[in-house]
Amino acid sequence: MPFFTPKRTFFLLFTTLVLYLFWGNASPLVDQDEAAYAGFARTMAETGDYLQMEFPYSTPHRKPPLHFWITSFFFQSFGVNEFVLRIFPALCILGTSLLTYHLSYVMFNSRTALYAFSILSFSLYFPLNGKIALVDSLLVFFGMLGFTSLHHFIRSEKWIYALVFWSSVSMGVLIKGPPILIFLGGTCFLLLFFTKIRPTIWKLHPWFGLPLALLPLMTWGYSSWQKDEGELIRWMIDWYILRRATNPVFGQSGPPGTYFVLFLVTFFPWTRVYLSFLKEMFWRFVSHLNAKEIKDSIFSSFRNGILLPLSPRSYLMIGLVFSWIFYELISSKLPSYPLSAYPILSILLAEQLSKKHNQIYLYRLYLTSAIAMMFLISFFILPKFSEMRNDSKKLAEIMNQAVSPNETLFSFGGLGIPSFAFYYHKPIQEIGMNDIISHKGKILMTESDKLMLEAMGIKLSAIGEPISIYAYDRNKTLHLILVSREN
């Protein structure tokens, strides 16, 4: 009996993944999202106001509050630092990998499950989401939990899986709103076309389960509305639903097919398996188009339902429609949008790899490359990136020395560096052109803004030397200066 059985190999890879996810997680905050989320959570922990979502430079990053509540709990339990901030997102990525292993094990076998776990956990992009505290790691976990429980419910119709499914929906909407409804709701809608599955899907009782799942979100929304007369809720509807459906945000847009190409990079070093999968899907699609009986059955299925049984591959392909294809069709393109597609694609790629005659050789080759890549990322690339993020900590130290503890620091010009605000940890008030004349005190701004204001006749006096900070999220250097306006 060989030592490296699929289960033993899985436990070794699981240990490696745990070390990778938690190694080096005490590095400085990443601008802008992670630093903004950390600021929201710390403010909640300090004030005890869990409806307040205010932090300097962070207005565009407000979201439903579950991620901030969990982080706030961790801060109160274990202290406020970067490692604690990233514990729960890392656990969610780890949990998603385990769910992927479990679902592929149930659908296929232990070897395919090992392949799926390896492809997801040892690819370029997906595990990196566990090393940065974004809401997407939580969302993909609850999305995969709902997708897995839905599969079990279809097979067994046990009420416990329906409960887990609706609980996942409830947690997902309280994390990021509509995306989990798009993914799981869209999947259920497509499953209704399968005649043999349709009665089981209706047994989820969506007329009861969905309102109950939305109840925590609605309760929070009502409380927030009462607090600020609906300002936050109206902003979220506009920013996260209306605007993103029609326009790109943060200037990130792309044509249909953007993620199709992006997966070539993000699934490295398993890219060849991804291309093999796409090739097979393409020729299957072509053969279906050329078969008259298939075309007739497609048109018939929309009228009468699909009579064929739901195979594991069909279930996975249906899951890709609203976790991947849907996001190809909207103009806004952020890398995290199709994150829920990664576990599903990993299972499909694992099944594709398991059909190769030289599968063991290819698996060992890709896995060795992946482990080498993760070693390089952990010990060379991430430490270098961590050094780049030290600028905001240095800026905070300088400002703490220049500004007294009870004094408010004014910030002019939309600097957009929430990591600085987190490390500074004293009052900051952002001001605009209309406010600059009426505000007296110490103001942080760029040198170019100082020259512009002085050209307009506003007298400013510099305090200390100019400070340069590299804004890596914009790939530019900000030349900042602290000034005072006394009259």
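Mentor: A helix is a DSSP run of H or I with at least four residues, and helices are numbered from the N terminus. Please also note that this is a predicted model.

Trainee: Which helix supplies the largest share of the lining of the second largest pocket?

Mentor: That helix is H18, with five residues. Helix H18 (359-388) is one of the helices that each supply at least two residues of this lining, others including helix H2 (33-47) and helix H7 (135-156). The space in the second largest pocket is about 1,300 Å³. The pocket has 42 lining residues, and closest to its centre are Val 30, Asp 31, Asp 33, Ile 132 and Leu 134.

Trainee: How do the residues of that lining divide into classes?

Mentor: There are 20 nonpolar, 11 polar and 11 charged residues. Asp counts as charged, whereas Val, Ile and Leu count as nonpolar.

Trainee: What makes Trp 270 and Tyr 366 an aromatic pair that is edge-to-face?

Mentor: Ring centres must lie within 6.5 Å, and planes over 60 degrees apart count as edge-to-face. For Trp 270 and Tyr 366 the centres are 5.7 Å apart and the angle between the planes is 70°, so both conditions are met. Trp 270 lies in the loop between H13 and helix H14 (271-290) and Tyr 366 lies in helix H18, so the pair ties together parts 96 residues apart in sequence. Both residues are buried, a term that requires under 20% relative accessible area. A search of the whole structure finds 40 aromatic pairs.

Trainee: Why is the charged end of Lys 131 said to sit over the ring of Tyr 20?

Mentor: NZ of Lys must be within 6 Å of the ring centre and within 35 degrees of the ring normal. The charged end of Lys 131 is 5.3 Å from the centre of the Tyr 20 ring, so the distance condition is met. The charged end of Arg 234 likewise sits over the ring of Trp 225, 5.3 Å from its centre.

Trainee: How many cavities of 30 Å³ or more does the structure hold, and what makes such a space a cavity?

Mentor: The structure holds one. A cavity is a set of points where a 1.4 Å probe fits but cannot get out, whereas a pocket is an open set. The largest cavity has a volume of about 40 Å³. Its lining includes Asp 31, Met 388 and Tyr 470. Strand S4 (461-471) and helix H19 (391-402) each supply at least two lining residues, and the largest share, three residues, comes from S4.

Note on methods:
Residues are numbered from 1 along each chain as its sequence is written. This is a predicted model: local features need pLDDT of at least 70, side-chain atom pairs count only at pLDDT 80 or more; totals for chains, interfaces and linings use all residues. Side-chain values use heavy atoms; hydrogens and water are left out. On a 1 Å grid over the protein atoms alone, a cavity is a set of points where a 1.4 Å probe fits but cannot get out, and a pocket is an open set with protein on both sides within 12 Å along at least five of seven lines; lining residues have an atom within 4 Å of a point. Grid points are joined across faces, edges and corners, and a volume is the space filled by probe spheres set on the points. Rings of Phe, Tyr and Trp (its six-membered ring) pair if their centres lie within 6.5 Å; planes under 30 degrees apart count as stacked, over 60 as edge-to-face and the rest as tilted. Buried means under 20% relative accessible area, exposed over 50%, partly exposed in between (1.4 Å probe, protein chains only).
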